[in-house]
Amino acid sequence: MLLPSLFLTLVFIFISSPLCFSSFQDDPLANFLDQTPGYDLSAYPSFFGTVHEDQSDEFEAGFGKLKMDYHAEIVDSTRYDRMGTPATRLGEVNVDDFGAEGDGKTDDTEAFKRAWKEACSSNVGVLVVPEKKYYLKPITFSGPCKSDFVMLKILGMIVASNDRSDYRRDRRHWLMFNNIKNFIVEGQGTIDGNGEIWWKNSCKINKTQPCTAAPTAVTFNRCENLKVFGLNVRNAQQMHVRIEQSVNAQAYNVMLTAPEKSPNTDGIHVTASQNVQIISSIIRTGDDCISIVSGSKNVQVMDVTCGPGHGISIGSLGKGNSKAYVENVMVNKANLTGTTNGVRIKTWQGGSGYAKNILFQNIVMKNVRNPIIIDQNYCDQDTPCEEQDSAVQVRNIVYKNIIGTSASETAIKLDCSRTFPCKGIVLQDIDLQLYDKDEDQDPEANSTCVNVMDLETRGRVYPQCS
């Protein structure tokens, strides 16, 4: 029997965050996504509308109209006792009741499978992971589920198997959540990817090893109306959280951590997804704090702390002469410390498509290399990349109210394509000073802007583009 209070709580969560968007027509991104099953593009149009190359004022105004509400208070604390043990209500499913030991050594994978099958087929649709330590091999939690709303409450710790042979069937995923609608993942627990064995065998750490795939710790695939609250995800084998081919996804108050030298451990990776929010989160990893790649549209990043890591990136895009489409991204209120890049757009030569309608604003940098960078000659491989004529078009990009210190002498680097120059770039109220550890010297930061058309500066911009 579905308890009225639980039902009303879940209904409130999902219907109280309306997303109001204007229409967007003749959209290559829509065509790109339209080929992906599960998308209804008419239901999730763009929130900006078409932006012409010479209408940067209207472009910024479009961002000002953006309304994507979120709700911080989701968890009802009265549902847990003082020790953090779940106060399991009638119909909620506890993994311990299906044979999970929770001793950190016993393989609990099959118990979790049985518990998920029960929860997904019930009218309540709530799975509880108590405050213990659970050891899991790769596992997929698949929908659709019977209940209109599904919840996973993680109070304890879930730790990955570090035996790489356990991943021989699928080296790309550890915890996979597939095809689930109206899905909440919350709790004060921890997901630990146990990634050290994978880092040691990465070709970026051990040059004698071949470059092979490693698992993403948590993947949300083809999910709709997804909300992730309060979790800690650490030491991922590779990426920490991947949101792919999903619509209406929100991550709030999450913490993602891994050592600075851990390779390819992106914090949150967004691909082929629409209407995504990443809010009030802390990300300290060995790669991009947030990476947004092809097929992604309507992405809002707000109040994020980043570092160490590689910064907040759009891309990479266009690798292997591929088509790539990213649009309508807003990064607002971010703090970056000690990262190898600040806010970055990176594309390979030879690609096609676009990265457009992107706003970076209200950002504080501290000792950040390359605080503002567009790199259209990105080449993350051992052999040099050949120069090619085609490129992903970068246009309608606004950098506004970005201050702090640069660890590199070049604080602003816009290295755009010779054949497809960047268009409609706006720099407004920028103040990036050189981070100088030697008090006896007073060097100045500089900037370089190559192949940029229609560059506009507003207010005080330092350093000025040369």
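The exercises below, each with a worked solution, concern a predicted model.

**Exercise 1. The parallel sheet**

Give the strand order of the open sheet of 11 strands, and state which strands stand at its edges.

Solution.
- Step 1. The order of the open sheet is 5-8-11-14-17-19-21-23-25-27-29, and the pairing is parallel.
- Step 2. Strand 5 and strand 29 (446–450) each have a single partner strand, so these two stand at the edges and one side of each lacks a neighbour in the sheet.
- Step 3. On average, and with direction ignored, neighbouring strands of this sheet are turned by 15° against each other.
- Step 4. At the strand 5 end, strand 5 and strand 8 run parallel and are joined by 4 bridges. In this region S142 is placed opposite N178 of strand 8.

**Exercise 2. The second largest pocket**

Describe the second largest pocket by its volume, its lining residues and the elements that contribute to the lining.

Solution.
- Step 1. The second largest pocket holds about 390 Å³ of space.
- Step 2. Its lining is made of 17 residues; K113, P138, I139, D166 and R169 are those nearest the centre.
- Step 3. Two or more lining residues come from each of helix 4 (109–120), strand 5 (139–142) and strand 8 (173–178).
- Step 4. Sorted by class, the lining has 8 charged, 5 nonpolar and 4 polar residues.

**Exercise 3. A salt bridge between distant parts of the chain**

How many salt bridges does the structure hold, and are K153 and E92 buried or exposed?

Solution.
- Step 1. The structure has 15 salt bridges.
- Step 2. In one of them, the side chains of K153 and E92 meet at 3.2 Å, N to O.
- Step 3. K153 belongs to strand 6 (residues 150–154), while E92 sits in the loop between helix 3 (56–64) and strand 1 (93–94); the two residues are 61 residues apart, and the pair links distant parts of the chain.
- Step 4. K153 and E92 are both buried; the cut-off for this class is under 20% relative accessible area.

**Exercise 4. Two further salt bridges and a network**

Locate the partners of the salt bridge between D431 and R460, then classify E456 and R458 by accessibility.

Solution.
- Step 1. The D431 and R460 side chains form a salt bridge at 3.4 Å, N to O.
- Step 2. Because D431 is in strand 28 (residues 422–434) and R460 is in strand 31 (residues 456–462), this pair ties together parts 29 residues apart in sequence.
- Step 3. D431 has 28% relative accessibility and therefore counts as partly exposed.
- Step 4. E456 and R458 also meet through their side chains in a salt bridge, at 2.8 Å, N to O.
- Step 5. The relative accessible area of E456 is 30%, so E456 is partly exposed. For R458 the value is 16%, so R458 is buried.
- Step 6. Elsewhere, salt bridges with shared partners connect D107, K137 and D166 in one network.

**Exercise 5. Cis peptide bonds and a buried proline**

Which loops hold P144, P308 and P130?

Solution.
- Step 1. P144 is in the loop between strand 5 and strand 6. The peptide bond leading from G143 to P144 is cis, with omega near 0°.
- Step 2. P308 is in the loop between strand 20 (296–306) and strand 21 (312–317). G307 and P308 are joined by a cis peptide bond whose omega is about 5°.
- Step 3. P130 is in the loop between strand 3 (126–129) and strand 4 (133–136).
- Step 4. With a relative accessible area of 6%, P130 is buried. Its C-alpha atom is separated by 7.9 Å from that of D96, which is 34 residues away along the chain.

**Exercise 6. Positive phi outside glycine**

What is the phi of N248 and of N253, and where do N248 and N253 lie?

Solution.
- Step 1. As background, a negative phi is found in most residues other than glycine.
- Step 2. N248 has a positive phi, near 65°, and lies in strand 15 (residues 247–252).
- Step 3. N253 has a positive phi, near 55°, and lies in the loop between strand 15 and strand 16 (255–257).
- Step 4. N248 has 15% relative accessibility and so counts as buried, whereas N253, with a relative accessible area of 45%, is partly exposed.

How values were computed: Residues numbered from 1 in each chain as written. Predicted model: local features only at pLDDT ≥ 70, side-chain atom pairs only at ≥ 80, totals over all residues. Heavy atoms only, no water. 1 Å grid on protein atoms, 1.4 Å probe; cavity = no way out; pocket = protein on both sides within 12 Å on 5 of 7 lines; lining within 4 Å. Points joined across faces, edges and corners; volume = space filled by probe spheres on them. Nonpolar A, V, L, I, M, F, W, Y, C, P; charged D, E, K, R; others polar. Salt bridge = Lys/Arg side-chain N within 4 Å of Asp/Glu carboxyl O. Buried < 20%, exposed > 50% of the residue type's maximum accessible area, 1.4 Å probe, protein only. Pairing = 2+ DSSP bridges. Axes fitted to C-alpha atoms, helices over the stretch in contact; angles between N-to-C directions.
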